[in-house]
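I opened this entry to look up the fold, the surface and one residue of interest. My notes follow in the order I checked things.

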Amino acid sequence: MHPSPLLGPVVALVAWSIVMFFWMALSRAPQLRGRDIPHGTRGADLERELPGKANWPAHNYLHLMEQPTIFYAIVFALILMGFDHPINTYLAWGYVGFRILHSIFQATVNVVPVRFLLFLLSTLCLIGLTVHAAIFLMHHE
């Protein structure tokens, strides 16, 4: 039995999230090195003291922990239904591609209209996956 082609985008997005974790850590490390940080301090508390651009990768990392959780859920639902039709695989890769582009824009130039467009395009892919799953369920109950 071959693994579902839908697993590729899942693994890719998890790997990208790990890349963003390290990007976040590396972007904040110079400002935090050698500082006495009180116990219980959160990243959000430190944001006030760090330059804005140093926080952009951290903001994106948090974004990768939000909406993509829905992506993972719908992709695994499609896999469990056995509905890994090529259109769903293309939509899943589209979602991942737009999220990666969103990350790069947010962590570097942070142009909000471009970020919003990339977020919207990724969300449309997510909607497509969800609609396909719903239609599949309605026709196979």
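I began with how contacts are spread along the sequence. I counted pairs at least 6 residues apart, and 80% of those contacts join residues at least 24 apart. I keep in mind that this is a predicted model.

**Fold.** I looked up the secondary structure next. The chain has 6 helices and 0 strands. Read from the N terminus, the order is α-α-α-α-α-α. I then checked the extent of the C-alpha trace. Along the principal axes it spans about 60 × 30 × 25 Å.

**Burial and surface.** I asked what share of the chain is buried. The chain has 141 residues, and 35% of them count as buried. The exposed area comes to about 8,400 Å². Carbon and sulfur atoms supply 72% of that area.

**Charge.** I tallied the charged side chains. There are 8 positive and 7 negative ones. The centres of the two sets lie 11 Å apart.

**Nonpolar patch.** I then searched the surface for nonpolar side chains that group together. One patch holds Phe 116, Leu 117, Phe 119, Leu 120, Leu 124, Ile 127, Val 131, Ile 135 and Met 138. Together these residues have about 830 Å² of accessible area.

**Leu 120.** I picked one of the patch residues, Leu 120, for a closer look. Leu 120 sits in helix H6, which covers residues 112–139. Why does Leu 120 count as partly exposed? Its relative accessibility is 37%, and partly exposed covers values between the 20% limit for buried and the 50% limit for exposed. So I logged Leu 120 as partly exposed.

How values were computed: Residues numbered from 1 in each chain as written. Predicted model: local features only at pLDDT ≥ 70, side-chain atom pairs only at ≥ 80, totals over all residues. Heavy atoms only, no water. Helix = DSSP H or I, 4+ residues; strand = E, 2+ residues; numbered from the N terminus. Buried < 20%, exposed > 50% of the residue type's maximum accessible area, 1.4 Å probe, protein only. Contact = heavy atoms within 4.5 Å. Areas by Shrake-Rupley, 256 points an atom, 1.4 Å probe, with all protein chains shown as cover. Lys, Arg positive; Asp, Glu negative; His and termini not counted. Charge placed at Lys NZ, Arg CZ, Asp CG, Glu CD. Patch = residues over 30% accessible without salt bridge, like charges linked within 9 Å, V, L, I, M, F, W, Y side chains within 5 Å. Salt bridge = Lys/Arg side-chain N within 4 Å of Asp/Glu carboxyl O.
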